[in-house]
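Please look through the sequence and the model shown below; the report that follows takes up charged pairs first and nonpolar groupings afterwards.

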Amino acid sequence: MTDALPQPGPKGIESFAARVLLVILLGALTLAAWRLINIAILVFGAVLIAIGLREISTVLTRWIKIAEPAGLAIAVMLFATTLAAVVLLFGSLIVAQTDELIRGVPEGFRIVTTKIQALPYGAYALEQAKGVGPSQLAGWAAQETAAIARSLARGVGYGVLIFLAAIYLAAQPGLYRALCLRLVPPAHRPRIDTLFDRAGKVLRKWLLAQLVVMTVIGTLSGLGLWALGIEAAFVLGLTGGILTFIPYIGAILAAVPATLVALTQGPWQALEVIGMYAAVHFVEGNFITPLVQAEATSLPPVLSLLSTVACSMLFGVSAVFLAAPLTLLLLVVVEVIYMEGMLGDTPDLPFSAALPTVEHPKDA
């Protein structure tokens, strides 16, 4: 007589149900994380600002010999005071030159399309490119320029939110770090702790170098445009400095509106602007960046371009400003979690050369 198959007991059913619920929960969390990916981008931006605030407060603490909370409070006040001073001193100038930019860029675009239309097969090329004529292209450029200007207001709102979150993160970094570590199994917490240390050092060095480069690019391009007599020189210089956050592509994006505005003043002015931007970025690429940016915070050009395109496709156009630090963070994760943690190897990468590896006996 054949033995009956064993029937699953209550414990087996409970274990199976628990696994099913766990899979459902993980799927729901994954879906929620994807739907709220913009929140994650904002949080990452807040982390970057918090790193900068902590660095400023650390310097103040060492110089003035004060407690860390007082140093952080002074750092926040310095940031807020500087921003308020810029708004008070240059607010009206920024608004006026932004209006000039909104008028000048579409006019320059119209001049370009008119020149192209005059070339052999130029009109046909324009029709094929957009399916409309030069006048419609100029209207499209005006709408896009105005839309970008309106989006700046939303960007200011998001910036205030990110800055407030950064203050909380900078005030109690240990608390939020401990909360993140509690989500990790105890055996892997030393490795994740190393990841936090390594990522913090890399992002701090990158942020400091990037702020220096932004200041140099914004100042030099603004002064160059002013010296050439180009309209809206201050706003264009400010835009050029901000767009430096986007590797390589940011330089092109900054030069395009300035060239279009210069084109309304004459073709020679446009050529002078192109030459000026080329000279500024030559100085930046060969003297400023190598001086302030260590190997640990530099990315190969191909990787920088691909990461910028990938971030724009995955997270939207606004995420391209964080493409470089996100890529640096990903590289640190690959090094610490995969190469060192899983392969047991210390890779010969710039990160390893610049930052010491912390040994954790528990991971052995």
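Glu 55 counts as partly exposed at 33% relative accessibility, a term for values between buried (under 20% relative accessible area) and exposed (over 50%), with a 1.4 Å probe and protein chains only. This is a predicted model, in which local features need pLDDT of at least 70 and side-chain atom pairs count only at pLDDT 80 or more, while totals for chains, interfaces and linings use all residues. Residues are numbered from 1 along each chain as its sequence is written, and side-chain values use heavy atoms, with hydrogens and water left out.

Glu 55 forms a salt bridge with Arg 204, where a salt bridge is a side-chain nitrogen of Lys or Arg within 4 Å of a carboxyl oxygen of Asp or Glu. Because Glu 55 lies in helix H2 and Arg 204 in helix H7, the pair ties together parts that are 149 residues apart in sequence; helices are DSSP runs (H or I, at least four residues), numbered from the N terminus. The count comes to seven salt bridges, including these:

| Pair | Closest N and O atoms |
|---|---|
| Glu 55 and Arg 204 | 3.2 Å |
| Asp 197 and Arg 177 | 2.8 Å |
| Glu 340 and Arg 198 | 3.3 Å |

Both Glu 340 and Arg 198 are buried, and salt bridges that share partners join these two with Arg 191 and Glu 335 into one network.

The largest nonpolar core (buried Ala, Val, Leu, Ile, Met, Phe, Trp, Tyr and Cys residues joined through side-chain atoms within 4.5 Å) has 27 residues, and Leu 236 and Tyr 277 are among those touching the most other members. Helix H9 supplies the largest share of this core, seven residues.

Note on methods:
Helix = DSSP H or I, 4+ residues; strand = E, 2+ residues; numbered from the N terminus.
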